Amino acid sequence: NRFQQDGGWDVLHRNCRMDLAEAEKGLAKHQEYLVSCLSMLSMLREQQEGKPPPLTNGPGEKNAAFWAEEAQTTARLLPHGGFKYKMEKLFDVRLQEQAEPWEEGDPGEATLIVESRIPADVQVDAVTVTF
């Protein structure tokens with residue numbers, strides 16, 4: 001139907017998330033607001049990858065640079081290590097192939113490659129990799 005073709009559910013989700021973010025910020029619900037900021041960045045990333053529907057920046061709408069800045073500012077208000085978010089929602093993360101396999105007892109070293117398609121600069125201060 002026309003509602004789904006026009007990306008109606010995604011537009012509703014975006015609009016509700018923006019309203020929720022505004023309320024969370026006003027109530028100083030920092031962790032919840034950070035999740036909303038990251039969710040908006042994730043939606044904008046999907047737009048950047050060409051997945052429908054496009055989230056246009058109409059009058060008064062916030063762009064990726066706004067949400068990235070809000071996320072970074074809010075993250076600084078939380079205790080260090082007190083918040084976890086799956087990076088694959090925002091970034092493509094992979095290990096660079098190793099030239100030689102690791103042997104038991106070797107100190108093991110790996111290169112983590114993080115690529116972002118978020119149309120804004122994002123600073124990541126710490127990353128934890130779990131195998």
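A pocket is an open set of points on a 1 Å grid over the protein atoms alone, with protein on both sides within 12 Å along at least five of seven lines, and its lining residues have an atom within 4 Å of a point. Grid points are joined across faces, edges and corners, and a volume is the space filled by probe spheres set on the points. The model on screen is predicted: local features need pLDDT of at least 70 and side-chain atom pairs count only at pLDDT 80 or more, while totals for chains, interfaces and linings use all residues. Residues are numbered from 1 along each chain as its sequence is written, and side-chain values use heavy atoms, with hydrogens and water left out.

**Whole chain**

Start with the protein chain in cartoon view. It has four helices and two strands, where helices (H or I, at least four residues) and strands (E, at least two) are DSSP runs numbered from the N terminus. From the N terminus on, the order is α-α-α-α-β-β. Colour by accessibility next: of the 131 residues, 26% count as buried, where buried means under 20% relative accessible area, exposed over 50% and partly exposed in between (1.4 Å probe, protein chains only).

**Largest pocket**

Select F83, Y85, V124, A126 and V127. Of the 34 residues that line the largest pocket, these lie nearest its centre. The volume of this pocket is about 1200 Å³. Now add helix 3 (30–48), helix 4 (64–75) and strand 1 (91–95), each of which supplies at least two lining residues. Helix 4 gives the largest share, four residues. Coloured by class, the lining shows 22 nonpolar, seven polar and five charged residues. In this scheme Ala, Val, Leu, Ile, Met, Phe, Trp, Tyr, Cys and Pro are nonpolar, Asp, Glu, Lys and Arg are charged, and the others, Gly among them, are polar.

**Second largest pocket**

Select M18, D19, A21, E22, K25, Y33, K62, F66 and W67, which line the second largest pocket. Its volume is about 160 Å³. Helix 2 (8–26) and helix 4 each supply at least two of the lining residues, and helix 2 has the largest share with five. By class, the lining holds five nonpolar residues, no polar ones and four charged ones.

Stay here and show the rings of F66 and W67. The structure holds one aromatic pair. F66 and W67 form it edge-to-face, with 5.0 Å centre to centre and 80° between the planes. Rings of Phe, Tyr and Trp (its six-membered ring) pair if their centres lie within 6.5 Å; planes under 30 degrees apart count as stacked, over 60 as edge-to-face and the rest as tilted. W67 is buried, at 3% relative accessible area, whereas F66 is partly exposed at 27%.

**Salt bridges**

K25, also in the lining just shown, leads to the next stop. How many salt bridges does the structure hold? There are two, a salt bridge being a side-chain nitrogen of Lys or Arg within 4 Å of a carboxyl oxygen of Asp or Glu.

Show the side chains of E70 and K25, which meet in a salt bridge at 2.8 Å, N to O. This pair links distant parts of the chain, with E70 in helix 4 and K25 in helix 2, 45 residues apart. E70 counts as buried at 13% relative accessibility, while K25 is partly exposed at 45%.

Move to E115 and R94, whose closest N and O atoms are 3.6 Å apart in a salt bridge. This pair also joins distant parts of the chain: E115 is in strand 2 (residues 112–116) and R94 in strand 1, 21 residues apart. E115 is partly exposed at 35%, and R94 is partly exposed at 42%.

**Two loop residues**

Select N63, in the loop between helix 3 and helix 4. Which backbone atom does the side chain of N63 reach? At 3.0 Å lies the backbone nitrogen of F66. N63 is partly exposed, with 35% relative accessibility. Add L41 to the selection: L41 and N63 are 22 residues apart in sequence and 8.7 Å apart in space, C-alpha to C-alpha.

End at A28, in the loop between helix 2 and helix 3. Most residues other than glycine have a negative phi. Phi of A28 is near 60°, a positive value in a residue other than glycine. A28 is partly exposed, with a relative accessible area of 43%.

Definitions and conventions: 1 Å grid on protein atoms, 1.4 Å probe; cavity = no way out; pocket = protein on both sides within 12 Å on 5 of 7 lines; lining within 4 Å. Polar contact = N/O pair within 3.5 Å; in protein donor to acceptor, adjacent residues only side chain to side chain.
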